[in-house]
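Colleague: Please take a close look at a single buried position and the part of the fold around it. Give the cut-offs as you go, and work outwards from there.

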Amino acid sequence: MFGCLVVGRLVQTAARQVAVDKFVFDLPDYKNINHVMVFMLGTVPFPEGMGGSVYFSYPDSNGVPVWQLLGFVTNEKPSVIFKISGVKAGEGSQHPFGAMNIVRTPSVAQIGISVELLDSLAQQTPVGSAAVSSVDSFMQFTQKMLDNFFNFASSFALSQAQMTPNPSEMFIPANLFLKWYENFQRRLAQNPLFWKTT
């Protein structure tokens with residue numbers, strides 16, 4: 001029903017079922033993991049009105065598991081990427097895995113998925129540092145792309161005196177790139193998704 005992926009590692013699709021509605025993936029060497037992706041395999045959807053809360057568990061200094069809510073997967077949102085590097089230092093939260101005797105070793109963290117009512121999921125608050133914001137990452141990517149393109153195009157700038165006439169080539173004044181660059185940055189700062197309406 002579920003899969004788990006850590007960059008540089010094989011995909012895990014054999015979650016351990018620890019209860020009728022609870023599944024666990026082991027994450028060895030968890031201290032070297034920054035992001036984890038949890039997804040539905042597409043073979044078995046959630047029953048109507050149900051979804052899955054996704055938890056991250058790691059052993060504290062005494063070896064006691066600390067569980068933190070990362071977020072959710074649903075039939076409408078069947079995959080999600082979580083940033084867990086900042087979560088590992090946080091405090092635990094309420095979780096549905098407490099009464100279970102889940103076998104674990106000290107150097108292994110776990111991803112737990114609990115099948116719950118969508119209404120119940122809507123009332124839960126994930127750890128803030130776990131979410132990978134698509135708007136923030138999109139903004140960062142767009143800013144880097146703009147900077148790279150502007151720097152690349154500017155590196156070829158010539159003055160009119162340096163230009164060799166060539167009737168088969170078209171030249172665009174460098175100040176137009178600067179104007180476009182500044183306009184795009186301004187519009188992006190006002191509304192990161194402005195490009196969807198243009």
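Modeller: Ile84 counts as buried because its relative accessibility is 0%, where buried means under 20% relative accessible area, exposed over 50%, and partly exposed in between (1.4 Å probe, protein chains only). This is a predicted model, in which local features need pLDDT of at least 70, side-chain atom pairs count only at pLDDT 80 or more, and totals for chains, interfaces and linings use all residues. Residues are numbered from 1 along each chain as its sequence is written, and side-chain values use heavy atoms, with hydrogens and water left out.

Ile84 sits in the loop between strand 7 and strand 8 (108–117). Helices (H or I, at least four residues) and strands (E, at least two) are DSSP runs, numbered from the N terminus. Leaving out residues up to four places away in sequence, Ile84 touches Ile33, Asn34, His35, Val36, Phe56 and Leu70; a contact means heavy atoms within 4.5 Å. One of these partners, His35, is 49 residues from Ile84 along the chain, and their C-alpha atoms are separated by 5.5 Å.

His35 leads to the sheet beside this loop. The bridge partner of His35 in strand 7 is Lys83. Strand 4 and strand 7 (residues 79–83) pair in the antiparallel sense over 5 bridges; two strands count as paired if DSSP finds at least two bridges between them. Strand 4 (residues 35–40) also pairs with strand 1 (residues 2–5), in the antiparallel sense and over 4 bridges, and there Cys4 has Val38 as its bridge partner. Together 3 strands form an open, antiparallel sheet in the order 1-4-7. Strand 1 and strand 7 are the edges, each with a single partner strand, so one side of each has no neighbour in the sheet. On average, neighbouring strands of this sheet are turned by 20 degrees against each other, direction ignored; axes are lines fitted to C-alpha atoms, for helices over the stretch in contact, and angles run from 0 to 180 degrees between N-to-C directions.

On the other side of the loop in sequence is strand 8. Of the 10 residues of strand 8, 9 are buried. Strand 8 pairs with strand 3 in the antiparallel sense over 7 bridges, with Phe23 and Ile113 as bridge partners. Strand 8 also pairs with strand 5, again in the antiparallel sense, over 8 bridges, and Ser53 has Ser114 as its bridge partner.

Two of the contacts of Ile84, Phe56 and Leu70, also appear in the largest nonpolar core. A nonpolar core is a set of buried Ala, Val, Leu, Ile, Met, Phe, Trp, Tyr and Cys residues joined through side-chain atoms within 4.5 Å. The largest one has 27 residues, and those that touch the most other members are Phe2, Leu27, Val54, Phe56, Leu70, Phe82 and Ile111. Strand 1, strand 3, strand 4, strand 5 (50–59), strand 6 (65–73), strand 7 and strand 8 each supply at least two residues of this core. Apart from it lies another core of 6 residues, including Phe150, Tyr181, Leu188 and Phe194.

Phe2 also takes part in ring pairing. Rings of Phe, Tyr and Trp (its six-membered ring) pair if their centres lie within 6.5 Å, with planes under 30 degrees apart counted as stacked, over 60 as edge-to-face and the rest as tilted. By this rule there are 6 aromatic pairs. Phe2 and Phe23 form an edge-to-face pair, because their ring centres are 5.3 Å apart and their planes stand at 65 degrees. Phe2 belongs to strand 1 and Phe23 to strand 3 (residues 22–28), so the pair ties together parts 21 residues apart in sequence. Phe2 is buried at 1% relative accessibility, and Phe23 is buried at 11%. Ring pairs link Phe2, Phe23 and Phe46 into a cluster.

For the chain as a whole, there are 3 helices and 8 strands, in the sequence pattern β-β-β-β-β-β-β-β-α-α-α. Of its 198 residues, 31% count as buried. Among contacts between residues at least 6 apart in sequence, 72% join residues at least 24 apart.
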